[in-house]
Amino acid sequence: MGKIFGIDLGITYSCIAYIDENGKPVVLKNAEGDLTTPSVVYFESQTDVTVGSAAKENLKMYPDKTVDLIKRDIGKPGFNRNINGVDMKPEEISSYILKKVVQDAEDSLRMESKLGNDEKIRDVVITCPAYFGVAERDATQAAGVIAGLNVMAIINEPTAAAITYGVTDESQNKTVLVYDLGGGTFDITMINIKPGEIRVVVTGGDHNLGGRDWDEKILMYLAEQYQNETGTPDNILEDPETIQELSLAAERAKKLLSAKEKAPVAVNYMGERVRVELTREKFDELTEDLLTRTIDLTRDMFKEAEKKGFSQKDVSEILLVGGSSKMPQVMSRVKSEFGIETKMFDPDESVAKGAAIYANKMSEYNIVLEEIAKQQGKSVEEVKVQVDKGQLDVEQEAKKANIRMRGGRLPGDDVKIINVSSRSFGTVAYDEDDKLKLFNIILKNAELPATGTNAFYPRYDNQQSVKFQVMECLTSEEKVDPELGKEIGTAELTLPAGVTRDTEIQVTFRLDESGLLHLHAKEMKGGREVDAEFQTTEALSEQEMSDAIRRSNKSSVN
């Protein structure tokens, strides 16, 4: 089949898409007949794993064996869950979600005779929230590897949604805002769309804000109403059966209130039953602070956009994506706050579809790079570096060599996608006042691939080496306190004998489209150099990866 698939690995729901024979992105149904799969994993035993709706039913009943919202913890230092006596990191738990959506997609395609019995889905592009840093992106890639997949790229969810929109909307040449309120995260991204180009301007958001927080507000309200009605002194949310039932009821009520003005909910505890009627007005009141948080983050994003020459008046429309954006309060508030045309855009499927479109384009582009590298007697990596530095024009080289992409298209005929860095990257050094500072070399919202260089100097004569403490942070300032950053790795450069304090050391960072960081440092006296490609210090060890893959291969996923 040779197709590459796009996977929306969501915090609360996941789905998978591919480009069909007509060149259209299509989301594939899972075994339950749904287009999206709950990102919930139930480990009945070490080898019997259930993912999706059935797992969700066990979430509160078997909290020691059931995991949800795991994507919120992916890439966190030292985080793991002990399940059935096994310590599992978020990468391994997430891999079972990927295995489920891939297996179901394979079954669906085989039923349509579009995939042979011996064919497997291998090549994928996986999406992540826009603010994910190196650690989270590495962890997402590791999850794909554990699941037996070849992860070609990790791309931002709002960018994927914009790709779908930019390809399907014929009236291009506009600046849009992608307001992405998912089940567990919120992303806000400004994107400029021109014929043949999708350019991300700025991005922001909150990785701890999403539809699940709206559910929690309903849950607490239902428990409070029950206790007011019955006068029970008990905290009914301490009972596993009650909280499981109410959690599912809260989500159902939220969805019902998107279409109705009222949602009746029955609360059962210890044989006593209370009927609570939740109105849309009350729901909006309970969750107003959550919605206000998204508005404040949107205003922060506009301030960042102004630094790049874009203002609120440049935005022609706001696209609401992510399942939680279907709540009526969202569109109403966004419209009233910003006075910009607001529309719902394929909220559940646009991210997976955009990932599939990106994967298809990436595959064709890589084929061309491989051919150029072959003709020039270079490696593909060497050619990519030349492209990043602006030393090689892929389109011109392809035309000169008469290289054509699959489908008869040359590079440049498709939509060009320009993303930005969600964080700043720099290194710690002493400033002119002899205070430690984080010097950001690549700033947040820099276009990718991004390259930056800064000059540093030894602290004293005859210094033998310098250590680069490489950090990422969420501020876009050039020099900040190191406490605002997070270390992602270190590199050390050995200095020649007799080095003096005025010896310049040039440090260059290069951030590629997938968000991975490369460092090159050179001292200008003796010409000594060091190169490093940063994998997070919290990445799975070789042994942990091996153990996770072994357990995954032994497990059946339903």
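Alanine 455 has glutamine 506, in strand S26, as its bridge partner. That pairing is a handy way into this predicted model, since it belongs to the contact between S22 and S26 (residues 505–511), two strands that run antiparallel and share seven bridges. Step back a little and the pair turns out to be part of an open sheet of four strands, ordered S22-S26-S27-S28 and paired in the antiparallel sense. Strand S22 (450–456) and strand S28 (529–534) sit at the edges, each with pairing on one side only. Averaged over the sheet and ignoring direction, neighbouring strands are turned by 15° against each other.

The edge strand S28 is home to alanine 532. Neighbours within four places in sequence aside, alanine 532 touches Ala491, Leu517, His518 and Leu519. Valine 101 is another matter: it lies 431 residues from alanine 532 along the chain, and the C-alpha atoms of the two are 35 Å apart.

Just ahead of the other edge strand comes a backbone oddity. The peptide bond between leucine 448 and proline 449 is cis, with omega at about -5°. Proline 449 itself belongs to the loop between S21 and S22. For context, most peptide bonds are trans, and most residues other than glycine have a negative phi.

That second rule has its exceptions here too. In the loop between S22 and S23, asparagine 462 shows a positive phi of about 60° despite not being a glycine. With a relative accessible area of 53%, asparagine 462 counts as exposed, because the cut-off for that class is over 50%. Methionine 270 behaves in a similar vein, with a positive phi near 50° in a residue other than glycine. Its setting is the loop between strand S15 (262–269) and strand S16 (272–279). Methionine 270 has a relative accessibility of 70% and is therefore exposed. Aspartate 434 also takes a positive phi, near 60°, within the hairpin of S20 and S21, where five residues separate the strands.

The S20 strand of that hairpin deserves a look of its own. Strand S20 (residues 424–430) is mostly covered, with six of its seven residues buried. It has antiparallel partners in two strands. With strand S21 (residues 436–442), S20 shares six bridges, and alanine 429 has lysine 437 of S21 as its bridge partner. With strand S23 (residues 465–473), S20 shares four bridges; here phenylalanine 425 stands opposite glutamate 472 of S23. As a general point, side chains in a regular strand alternate between the two faces of the sheet.

On the helical side, how do helix H3 (residues 134–146) and helix H13 (residues 542–554) pack, and at what angle? Their axes lie 9 Å apart and make an angle of about 45°. Angles under 35 degrees would count as roughly parallel and those from 65 to 115 as roughly perpendicular, so H3 and H13 come out as oblique to each other. From H3, the contact takes in Ala142, Val145 and Ile146, which meet Met545, Ala548, Ile549 and Ser552 of H13. Sorted by class, that contact between H3 and H13 has six nonpolar residues, one polar residue and no charged ones.

Aromatic rings supply another set of contacts. A pair of aromatic rings is described by the distance of the centres and the angle of the planes. Searching the whole structure turns up eight aromatic pairs. One of them joins tyrosine 165 and phenylalanine 345 in an edge-to-face arrangement, at 5.1 Å centre to centre with 90° between the planes. This pair ties together distant parts of the chain, 180 residues apart: tyrosine 165 is in helix H4 (residues 157–168), while phenylalanine 345 is in the loop between strand S18 (341–344) and helix H10 (350–376). Why does tyrosine 165 count as buried? Its relative accessibility is 4%, and buried means under 20%, so tyrosine 165 falls in that class. Phenylalanine 345 is buried as well, with a relative accessible area of 13%.

Tyrosine 179 and phenylalanine 186 form another edge-to-face pair, 4.9 Å centre to centre with 65° between the planes. Both tyrosine 179 and phenylalanine 186 are buried.

Technical notes. Residues are numbered from 1 along each chain as its sequence is written. This is a predicted model: local features need pLDDT of at least 70, side-chain atom pairs count only at pLDDT 80 or more; totals for chains, interfaces and linings use all residues. Side-chain values use heavy atoms; hydrogens and water are left out. Two strands pair if DSSP finds at least two bridges between them. Axes are lines fitted to C-alpha atoms, for helices over the stretch in contact, and angles run from 0 to 180 degrees between N-to-C directions. Angles under 35 degrees count as roughly parallel, over 145 as roughly antiparallel, 65 to 115 as roughly perpendicular and the rest as oblique. Contact means heavy atoms within 4.5 Å. Ala, Val, Leu, Ile, Met, Phe, Trp, Tyr, Cys and Pro count as nonpolar, Asp, Glu, Lys and Arg as charged, and the others, Gly among them, as polar. Rings of Phe, Tyr and Trp (its six-membered ring) pair if their centres lie within 6.5 Å; planes under 30 degrees apart count as stacked, over 60 as edge-to-face and the rest as tilted. Buried means under 20% relative accessible area, exposed over 50%, partly exposed in between (1.4 Å probe, protein chains only).
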